[in-house]
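Colleague: I've got this one open in the viewer and would like a close look at a single part rather than a tour of everything. Could you pick a place to start and talk me through it, side chains and all?

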Amino acid sequence: MGAKKLRWFSVLTVLATFLAACSSINCPVQNTVATTFALLRADGTPDTLDTDTMWVWTQRHDGTDTLLLNALHGKKATSFSLPVSHTLPEDVLCILIADTTGQYWLDTMRIKKENIPHFESVDCNATYFHEIESASVTQKAFDSIVVNYTKVNYDVSHSHIYLYRKARP
């Protein structure tokens, strides 16, 4: 190969490498935005669903229900994470807890939030981060609800919401 051809080949190789680097997509692989809930007893110690079973669902835009958490039972789990609606100003979650004697408690939880558009790159889909403004529960299975950490994004290591379960006889 002549010196002139080698120079053009080198220039084209560098140019192709540069263009490939500029067009690579750096979108996050794990881009689920979720709220983490911690189950606590009245004294603030972690609670588990050793003998109880819990389901969580919500309503979609078309009016149908969707199950978000199916039968968390007999686990030593003291927390769980649920996805957040992208653009609704309030998420409404129905929580059903059943014990081994056949008793049921149905609570409705409301989480008001501000939706904040988040862009990684023009090549990536837009996501929404959230700022929790308030939370409430109907107090059938849970005594109270406390917002602990307001920023909801890709990081699920924080407990966003504390759910204090009612003591049962």
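Modeller: Let's start with the largest pocket, which holds about 410 Å³ of space; bear in mind that this is a predicted model. Seventeen residues line this pocket, and those closest to its centre are Thr58, Gln59, Arg60, Ser85 and Leu88. By class, the lining splits into seven nonpolar, seven polar and three charged residues. As for where the lining comes from, strands E2, E3 (65-75) and E5 each contribute at least two residues. The biggest contributor is E5, with five.

Now to the nonpolar side of things. E2 (49-59) and E5 (90-98) also turn up in the largest nonpolar core, where each gives two or more residues. That core has 25 residues, and the members touching the most others are Phe37, Met54, Phe80, Met109, Phe142 and Leu163. Other elements that supply two or more residues include E1, E4, E6 (104-118), E7 (127-137), E8 (142-147) and E10.

The strand I'd zoom in on is E1, so how many of its residues are buried? All seven of the seven, residues 34-40, are buried, so E1 is largely enclosed by the rest of the structure. The cut-off behind that is under 20% relative accessible area. Both faces are covered, too: on one side you have Ala34, Thr36, Ala38 and Leu40, on the other Thr35, Phe37 and Leu39, and every one of these is buried. Phe37 is worth clicking on, as one of the core residues that touch the most other members.

Next, the neighbours of E1 in the sheet. With E4 (residues 79-83), E1 pairs in the antiparallel sense over five bridges. Along that pairing, Thr35 sits opposite Leu82, while Ala38 has Ser79 as its bridge partner. With E10 (residues 161-165), E1 pairs in the parallel sense instead, over four bridges. There, Leu40 is bridged to Tyr164 of E10.

Put those pairings into the whole sheet and you get four strands in the order E4-E1-E10-E8, an open arrangement with mixed pairing. E4 and E8 are its edge strands, each pairing on one side only. If you want a number for the twist, neighbouring strands here are turned by 25° against each other on average, direction ignored.

Notes: Residues are numbered from 1 along each chain as its sequence is written. This is a predicted model: local features need pLDDT of at least 70, side-chain atom pairs count only at pLDDT 80 or more; totals for chains, interfaces and linings use all residues. Side-chain values use heavy atoms; hydrogens and water are left out. Buried means under 20% relative accessible area, exposed over 50%, partly exposed in between (1.4 Å probe, protein chains only). Two strands pair if DSSP finds at least two bridges between them. A nonpolar core is a set of buried Ala, Val, Leu, Ile, Met, Phe, Trp, Tyr and Cys residues joined through side-chain atoms within 4.5 Å. Axes are lines fitted to C-alpha atoms, for helices over the stretch in contact, and angles run from 0 to 180 degrees between N-to-C directions. On a 1 Å grid over the protein atoms alone, a cavity is a set of points where a 1.4 Å probe fits but cannot get out, and a pocket is an open set with protein on both sides within 12 Å along at least five of seven lines; lining residues have an atom within 4 Å of a point. Grid points are joined across faces, edges and corners, and a volume is the space filled by probe spheres set on the points. Ala, Val, Leu, Ile, Met, Phe, Trp, Tyr, Cys and Pro count as nonpolar, Asp, Glu, Lys and Arg as charged, and the others, Gly among them, as polar.
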